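Work through these exercises with the sequence and the model open. Try each task before you read its solution.

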Amino acid sequence: MSEETAGKEECHRCKGAGFVYPLLPSGKPDFSRVIPCECTKAELAEERLARLQRYSNLGPLTRLTFDNLNPKGRTGDPANEEMFAQAYEGAKAFAHEPQGWLVLTGVSGCGKTHLAAAIANHCIQNGRPVLFIVVPDFLDHLRAAFSPSSDISYDELFDQVRDSPLLILDDMGTQSSTPWAREKLYQIINHRYNARLPTVITTSVPIEKLDEQFLTRLTDENLSKVFLMERGKPSEHDIGDLALPLLREMTFEKFEKRRLDLTAEEQRNLEEAYKLARSFAQAPEGWLVLLGLNGCGKTHLAAAIANYQLGKGKPVFFVVVPDFLDHLRSAFSPESKVTYDELFEKAKEAPLLILDDFGEQTSTPWAQEKLYQVINYRYNARLPTVFTTCFAVEDFEPRIGSRMADTRISTPFNIDVPDYRSDYRSDIASSQRRTPQKARRSRSQ
């Protein structure tokens with residue numbers, strides 16, 4: 001027995017040599033050729049698998065497979081289960097035949113990394129090399145590669161990732177947004193895009209919020225398949241002032257549309273306002289302008305519209321106008337957590353914007369101009385918008401008032417009831433009440 005095979009259990013065919021001679025048609029051994037024995041093939045396969053696993057950079061993620069992942073996810077929500085199932089099947093198909101790009105998006109913890117790792121482990125078991133990279137970690141390693149004490153050079157590490165036969169980029173979008181980081185990541189993405197190299201990308205950032213240079217490549221229908229795995233609840237930044245507990249409790253179910261202190265005409269008016277707001281919430285289109293006294297229920301109905309849409313997983317931006325203008329001013333501060341442009345564009349382009357207490361803002365030229373810019377943009381784009389105000393439409397600056405009164409897009413409705421926070425009407429309250437001129441009723445009435 002040779003030194004190389006010493007200590008190994010001998011194969012009954014090769015007697016420990018590790019190879020055998022193939023047979024000729026005559027049945028005699030062909031001594032001109034040798035082939036690995038079955039035991040050697042098994043050892044070679046194990047060594048190759050170990051090499052592929054080391055190369056893959058999966059580490060403890062080798063335990064994540066398709067078999068130990070629920071094909072419908074973990075939320076129990078039917079809509080999310082359907083999206084997850086589509087992503088699961090898309091990932092399995094990609095793992096069997098890695099071609100093009102696969103982009104997995106969704107909230108943190110929805111299973112994106114598990115699916116990506118399952119693809120990698122499936123490919124490794126089938127002898128395919130794959131490199132799994134967590135994007136923020138990779139950029140840290142890339143920076144460290146500049147150090148003279150680094151085990152791997154910068155160019156070697158960068159080329160290894162850029163040219164990997166199959167690359168998985170996990171947690172893209174969470175990396176530091178420095179110009180250097182964006183440039184390095186773009187170089188990798190752009191190279192693989194041009195070379196059409198198989199790539200899997202996971203991100204918890206809504207894909208439409210990625211930098212344009214990445215977005216155009218990740219959403220190229222000729223190369224990439226994008227799957228949303230789970231739609232999360234909007235963040236507090238998305239829902240603006242609705243983060244306040246009182247506003248979050250203002251739903252249609254909790255709205256008192258029948259009040260004992262109202263006359264029959266006032267009761268009908270309040271019920272009409274409720275129906276109008278509920279109809280708008282179910283299919284937001286155009287503008288809804290709710291006018292009336294302080295305490296008549298305008299804000300409750302506006303918040304109910306927002307909460308209804310949020311319950312459907314739709315984004316809403318709800319702001320109290322004076323507070324919104326204060327936030328805009330403070331956004332100029334270097335300590336601000338949100339930039340002026342980001343906040344301003346958020347209001348301009350929100351899929352549904354609710355402006356509460358409109359008209360109560362300080363009427364400085366700057367405030368008027370900022371609000372006009374928001375309103376004019378949404379007017380031209382025909383974006384769904386809700387206003388609440390205790391002023392009459394005619395009281396507003398003509399540029400704004402004319403748009404709010406345009407019945408081609410806007411439905412003003414006057415809620416002609418007293419303050420719901422009072423159990424009675426006092427003469428003092430009546431004398432202080434500033435009743436807005438009756439607004440044009442809905443065209444459907």
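Helices (H or I, at least four residues) and strands (E, at least two) are DSSP runs, numbered from the N terminus. This is a predicted model: local features need pLDDT of at least 70, side-chain atom pairs count only at pLDDT 80 or more, and totals for chains, interfaces and linings use all residues. Residues are numbered from 1 along each chain as its sequence is written, and side-chain values use heavy atoms, with hydrogens and water left out.

**Exercise 1. Describe the protein chain as a whole.**

Step 1. Take the secondary structure. The protein chain has 16 helices and twelve strands.

Step 2. Take burial. Buried means under 20% relative accessible area, exposed over 50%, partly exposed in between (1.4 Å probe, protein chains only). Of the 445 residues in the protein chain, 45% are buried.

Step 3. Take contacts (heavy atoms within 4.5 Å). Among contacts with a separation of 6 or more, 77% join residues 24 or more positions apart.

**Exercise 2. Find what surrounds Lys112, and which side chain of opposite charge is nearest to Lys112.**

Step 1. Locate the residue. Lys112 is found in helix α3, residues 112–125.

Step 2. List its contacts, leaving aside neighbours within four places in sequence. Lys112 touches Leu104, Thr105, Gly106, Val107, Thr202, Thr203, Ser204 and Met229.

Step 3. Set the charge rule. Lys and Arg count as positive and Asp and Glu as negative; His and the chain ends are not counted. A salt bridge is a side-chain nitrogen of Lys or Arg within 4 Å of a carboxyl oxygen of Asp or Glu.

Step 4. Apply it. Lys112 is buried but has no salt bridge. The nearest side chain of opposite charge is Asp171, 5.4 Å away.

**Exercise 3. Compare three salt bridges and the burial of their partners.**

Step 1. Get the total. The count comes to twelve salt bridges.

Step 2. Go to helix α5 (residues 154–162). Asp159 and Arg162 both lie there, three residues apart, about one turn of the helix. Their side chains meet at 3.5 Å, N to O. Asp159 is partly exposed at 33%, and Arg162 is partly exposed at 25%. Asp159, Arg162 and Asp163 are linked in a network of salt bridges.

Step 3. Go to helix α12 (residues 321–330). Arg329 and Asp326 are three residues apart in it. Their closest N and O atoms are 2.9 Å apart. Arg329 is partly exposed at 34%, and Asp326 is partly exposed at 43%.

Step 4. Finish with Arg408 and Asp406. Their salt bridge spans 2.8 Å, N to O. Arg408 is exposed at 64%, whereas Asp406 is buried at 11%.
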